[in-house]
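Biologist: Please pick one part of this model and give me a close look at it, starting from the outside and working your way in. I'd like one connected story rather than a list.

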Amino acid sequence: MKVLILTLDTRGDVQPFVALPRGLANAGHEAVLAAPHRFEGFVRDQGVPFAGIDDCWSVAAEGPGAGADILVGTHAHALQGAGWLGDTYVVYGLGNFVFYS
């Protein structure tokens with residue numbers, strides 16, 4: 001399975017999502033963390049595949065066309081919706097729901 005994880009804003013928003021692609025890779029999946037360019041060194045130093053972005057929504061629009069099976073959005077302070085966009089399952093916001101519940 002191919003997973004694209006999108007996050008933005010501060011290191012506090014990016015850092016919690018470094019573990020997710022590593023866990024997915026250990027389970028045999030391909031996962032890429034897409035975050036602002038300024039976090040490339042930090043993410044790659046953790047051994048995580050990185051895609052630099054200017055903003056989350058430009059990548060979200062391209063994710064399904066790039067072959068992602070699942071697209072995970074972050075930074076939400078409340079659970080957001082999810083659903084199918086073509087053949088890609090999109091989770092619009094997990095953020096605090098996953099890491100602080």
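**From a loop into the core**

Modeller: Let's start with Gly 47, which counts as exposed because its relative accessibility is 60%, over the 50% that the label asks for. Keep in mind throughout that this is a predicted model. Gly 47 sits in the loop that runs between H3 and strand E3, residues 50-53. Across space, the C-alpha of Gly 47 is 9.6 Å from that of Pro 21, with 26 residues separating the two in sequence.

Now go along to Pro 49, which belongs to the loop between H3 and E3 as well. With a relative accessibility of 40%, Pro 49 comes out as partly exposed, since that value falls between the 20% and 50% limits. Pro 49 also has a partner from far back in the sequence to compare with: Arg 22 is 27 residues away along the chain, and the C-alpha atoms are 9.0 Å apart. If you skip residues up to four places away in sequence, Pro 49 touches Ala 31, Val 32, Leu 33 and Val 43.

Leu 33 is the one to follow from there. Leu 33 is part of strand E2, and its relative accessible area is 0%, so it is buried. Its contact list, again without residues up to four places away in sequence, takes in Ile 5, Thr 7, Val 14, Phe 17, Val 18, Pro 21 and Val 43, and on the loop and E3 side Val 48, Pro 49, Phe 50 and Ala 51. Leu 4 is worth a look too: it lies 29 residues from Leu 33 in sequence, yet the C-alpha atoms are 6.2 Å apart.

That brings us to the core itself. The largest nonpolar core has 15 residues, and the members touching the most others are Val 3, Ile 5, Val 14, Val 18, Leu 33 and Val 43. Strand E1 (2-6), strand E2 (30-36) and helix H3 (40-45) each give this core at least two residues, with E2 providing the largest share, three residues. Val 14 is a good place to see the packing: setting aside neighbours within four places in sequence, it contacts Thr 7, Leu 33, Ala 35, Phe 39 and Val 43. There is also another core apart from this one, made of seven residues, including Leu 4, Ile 53, Leu 71 and Val 90. As background, nonpolar side chains in soluble globular proteins tend to be buried together.

One more side-chain detail: the charged end of Arg 11 sits over the ring of Phe 42, 3.9 Å from the ring centre. Aromatic pairs, on the other hand, number zero in the structure.

To place all this in the whole chain, there are five helices and six strands, in the order β-α-α-β-α-β-α-β-β-β-α from the N terminus. The protein chain has 101 residues, 39% of them buried. Taking contacts between residues at least 6 apart in sequence, 45% join residues at least 24 apart. The accessible surface is about 5,600 Å², and carbon and sulfur atoms account for 55% of that.

Finally, the confidence. The mean pLDDT of the protein chain is 77, and 69% of the residues score at least 70. H3 has the highest confidence, at 96, whereas helix H5 (residues 95-99) has the lowest, with a mean of 53.

Notes: Residues numbered from 1 in each chain as written. Predicted model: local features only at pLDDT ≥ 70, side-chain atom pairs only at ≥ 80, totals over all residues. Heavy atoms only, no water. Core = buried A, V, L, I, M, F, W, Y, C linked by side-chain atoms within 4.5 Å. Buried < 20%, exposed > 50% of the residue type's maximum accessible area, 1.4 Å probe, protein only. Helix = DSSP H or I, 4+ residues; strand = E, 2+ residues; numbered from the N terminus. Contact = heavy atoms within 4.5 Å. Areas by Shrake-Rupley, 256 points an atom, 1.4 Å probe, with all protein chains shown as cover. pLDDT = per-residue confidence, 0-100. Phe/Tyr/Trp six-rings, centres within 6.5 Å; stacked < 30°, edge-to-face > 60°. Lys NZ or Arg CZ within 6 Å of the ring centre and 35° of its normal.
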